[in-house]
Amino acid sequence: MNHIFIVNPCAGKSNGEQIVRDAVAELDGLRNSEIYVTKSSGDATAYVASLCEAMPKTKLRFYACGGDGTLNEVVTGAVGHDNAEVTSFPIGSGNDYVKYYGGKKDFLSLGMLVEGRVDDVDVMRVGKRYALNMCNFGFDAVACRAMNEVRRKPIIGGRNAYTTGVVKALFTGRRTSCVVKVDGEKIHEGEMLLCTMGNGRYIGGAYECSPLSKNNDGLIEVCLFKPLTLLEFARMLGSYRDGTYMSRKDVQAKMVYLRGRRVEIEAEKEMDFCVDGEMLRGKDFEVEQLGKAVRFVVPKR
């Protein structure tokens, strides 16, 4: 097996490339390894896909060295290639997907990753894009765009970036008018607060927005909130953060939560649509679940 470390030099606050080189150097006996530093957005996807196509009979394990955006690019390049495995070496500022497996601590142990097990996991397809963790629009997408704008700024950025985005979205993103269908059945028409579609469970660094999600059941976890007043939003936010909101009757009256294989969205105006933290713009979107489409490596414990 070949071990390929895809390094995003812009991820995180430290020198990611050196962190990866030091971690690889500390592993005795790791053969057939390569470190590739990406040059621009989309480069990781192109490189992974080209390597898979050039070496179809060789097992390739790709380590996404960065955050969720880097992992998304690597997954996008690996989809459809049976010789590819993907995992995360989470040195970026946002690492939501690995929280599904308990967090990034074990993923930062390269030895545990090299000896890890392989899970066949689901991936959502949005046009020509793919999402391993989460798609969302409405309030969350507005917050995500704002988070991306401030993530490298002091105080309001870093670990506080998503909270900063939430504050901004309170004033600009609490109402989106659209039609939402799940497996052909209309579940909403009119104004809404937010909608998330998850394989993972977390978004924004700490918000457990999809607490019942399973990443290998072939289904998308869909959560849609109807419009909330500022007071209702303030009362709901804490339980939305810790994933307990579904047990609250006052919140249940304001939401729709179900599972499906295909989600269709038609909006009146162009809106932000977030795919694993990467932003799209448009009015119409279709999200389709691809069951067990990627081989994801989980650290050996």
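# Briefing: salt bridges, a helix pair and a few single residues

Threonine 176 sits in strand β8, which covers residues 176-182. Keep in mind that this is a predicted model. A search through the whole structure turns up 16 salt bridges, and several of the pairs picked out below join parts of the chain that lie far apart in sequence. The other main topic is the pairing of helices α2 and α3, whose axes come within 7 Å.

**Threonine 176 and its surroundings**

- Threonine 176 is buried, because its relative accessible area is 15% and the cut-off for buried is under 20%.
- Setting aside neighbours within four places in sequence, threonine 176 is in contact with Gly138, Gly190, Glu191, Met192 and Met271.

**The network around arginine 295**

- Arg61, Glu85, Asp120 and Arg295 are linked to one another in a network of salt bridges.
- Side chains of opposite charge can pair when their charged atoms come close.
- Arginine 295 forms a salt bridge with glutamate 85, and the closest N and O atoms are 3.4 Å apart.
- Arginine 295 belongs to strand β14 (residues 278-298) and glutamate 85 to strand β4 (residues 84-90), so this pair ties together parts 210 residues apart in sequence.
- The two partners sit in different settings: arginine 295 is partly exposed at 30% relative accessible area, whereas glutamate 85 is buried at 4% relative accessibility.
- Arginine 295 also forms a salt bridge with aspartate 120, with 4.0 Å between the closest N and O atoms.
- That second pair links distant parts of the chain as well, with aspartate 120 in strand β5 (residues 117-126) and arginine 295 in strand β14, 175 residues apart.
- Aspartate 120 counts as partly exposed, with a relative accessibility of 38%.

**The arginine 301 pair**

- Arginine 301 and aspartate 106 form a salt bridge in which the closest N and O atoms are 2.8 Å apart.
- Arginine 301 lies in the segment after β14, and aspartate 106 is in the loop between β4 and α4 (110-114), so the pair ties together parts that are 195 residues apart in sequence.
- Is arginine 301 buried or exposed? At 56% relative accessibility, arginine 301 counts as exposed.

**How α2 and α3 pack**

- Helix α2 (residues 43-54) and helix α3 (residues 68-78) have axes that come within 7 Å and cross at roughly 30°.
- α2 and α3 therefore run roughly parallel to each other, since angles under 35 degrees count that way.
- The crossing of the two helices, α2 and α3, is right-handed.
- On the α2 side the contact is made by Asp43, Ala44, Thr45, Val48 and Ala49, and on the α3 side by Glu73, Val74, Thr76, Gly77 and Ala78.
- Sorted by class, the contact of α2 with α3 has five nonpolar, three polar and two charged residues.

**α3 and what follows**

- Why is α3 described as largely enclosed by the rest of the structure? Ten of the eleven residues of α3 are buried, so the rest of the structure largely encloses this helix.
- The buried residues of α3 are Asp68, Thr70, Leu71, Asn72, Glu73, Val74, Val75, Thr76, Gly77 and Ala78.
- Glycine 80, just after α3, takes a positive phi of about 90°.

**Positive phi outside glycine**

- Asparagine 32 has a positive phi of about 50° although it is not a glycine.
- You'll find asparagine 32 in the loop between α1 (16-26) and β2 (33-37), where asparagine 32 is exposed with a relative accessible area of 51%.
- Lysine 292 is another residue other than glycine with a positive phi, in this case near 50°.
- Lysine 292 has its place in strand β14, the strand that also holds arginine 295.

**Leucine 237 in α7**

- Leucine 237 lies in helix α7, residues 230-242, and is partly exposed with a relative accessible area of 24%.
- Between leucine 237 and tyrosine 207 there are 9.3 Å in space, C-alpha to C-alpha, and the two are 30 residues apart in sequence.

Notes
Residues are numbered from 1 along each chain as its sequence is written. This is a predicted model: local features need pLDDT of at least 70, side-chain atom pairs count only at pLDDT 80 or more; totals for chains, interfaces and linings use all residues. Side-chain values use heavy atoms; hydrogens and water are left out. Axes are lines fitted to C-alpha atoms, for helices over the stretch in contact, and angles run from 0 to 180 degrees between N-to-C directions. Helices (H or I, at least four residues) and strands (E, at least two) are DSSP runs, numbered from the N terminus. Angles under 35 degrees count as roughly parallel, over 145 as roughly antiparallel, 65 to 115 as roughly perpendicular and the rest as oblique. A crossing is left-handed if the near helix is turned anticlockwise from the far one by less than a right angle, and right-handed if clockwise. Contact means heavy atoms within 4.5 Å. Ala, Val, Leu, Ile, Met, Phe, Trp, Tyr, Cys and Pro count as nonpolar, Asp, Glu, Lys and Arg as charged, and the others, Gly among them, as polar. A salt bridge is a side-chain nitrogen of Lys or Arg within 4 Å of a carboxyl oxygen of Asp or Glu. Buried means under 20% relative accessible area, exposed over 50%, partly exposed in between (1.4 Å probe, protein chains only).
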